[in-house]
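Hi,

Here is the structure I promised to pass on. Have a look at it first, and my notes follow underneath.

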Amino acid sequence: MAMQTDPETAEARAPLSRERVLRAGVQLADEGGLESLSMRRLAMLLGVEAMSLYHHVRNKRDLLSGMIDAVYAEIEPPTPAGDWRSAIRRTALSFHQVLLRHRWACSLLMAPLDVSPSQLRYMDGILGRLRGAGFSAEMTHHAYHAVDSHIVGFTLWLLPYLALAEQQPDLAERFLRELPLDELPHLIEHIGVHLEPQRPGDVGEFEFGLDLILDGLERARVAPEAGQEQSVPG
């Protein structure tokens, strides 16, 4: 009878490769943030000497660039057919969820790292989908940046709140109790909405903002059909 091999054991016995090194780097960063990532810890996780890593990554910068490439590879690309808005929306939601799974990656998107192959494919896929929908080159430029900045910017804004909520789950309730009701009625109402349980079919803040952007882009896209020129404010 054939013996079953434990997946972790098989992974440990597998030859060291760039893919294994990057996968282990992502694991370390997912578990403890970028501050937990070092070549020494990475080597310990892989069961090798630290110098062995440099056969597969040139340095820490190359490691981080490869890890970002692995993150971009997880994003669902836009489908080439069907409604352009739905395709871009699915990709944007996928990107947002990927960044929530790998919270360390959001800050690295702002770092001066090498542009990775997966990032280039992601960018080209979004740009091509917009061009295929009928946007001009200029409008595609603006549309891409509007969508991309919402994904990354919103996620960067959200992450500290998620971390704080995980550390102090009752923080919002305590904060609400300490606020002067008569002086800040609208802020108190706003926090109260945050504390309400989400109902089936509710659209979250990320999707709400994304839909506003996509709706605006659709109006700009169909404007030439009504005899207007496609234009960009400003």
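Helices (H or I, at least four residues) and strands (E, at least two) are DSSP runs here, numbered from the N terminus. Read along the sequence, the protein chain goes α-α-α-α-α-α-α-α-α-α-α-α, with 12 helices and zero strands.

Some ground rules: this is a predicted model, where local features need pLDDT of at least 70 and side-chain atom pairs count only at pLDDT 80 or more, while totals for chains, interfaces and linings use all residues. Residues are numbered from 1 along each chain as its sequence is written, and side-chain values use heavy atoms, with hydrogens and water left out.

On to the chain as a whole. Of its 234 residues, 33% count as buried (under 20% relative accessible area, 1.4 Å probe, protein chains only). Take the contacts (heavy atoms within 4.5 Å) between residues at least 6 apart in sequence: 67% of them join residues at least 24 apart. The accessible surface (Shrake-Rupley method, 1.4 Å probe) is about 14500 Å², and carbon and sulfur atoms account for 57% of that.

Then there's the second largest pocket (on a 1 Å grid over the protein atoms alone, an open set of points where a 1.4 Å probe fits, with protein on both sides within 12 Å along at least five of seven lines). About 260 Å³ of space lies in it, the volume being the space filled by probe spheres set on the points. Its lining (residues with an atom within 4 Å of a point) has 17 residues, and Y72, L108, L109, M110 and Q119 are the closest to the centre. α5 (60-72), α8 (117-132) and α9 (137-167) each supply at least two lining residues, and α9 gives the largest share, four.

Cheers

Technical notes:
Buried means under 20% relative accessible area, exposed over 50%, partly exposed in between (1.4 Å probe, protein chains only).
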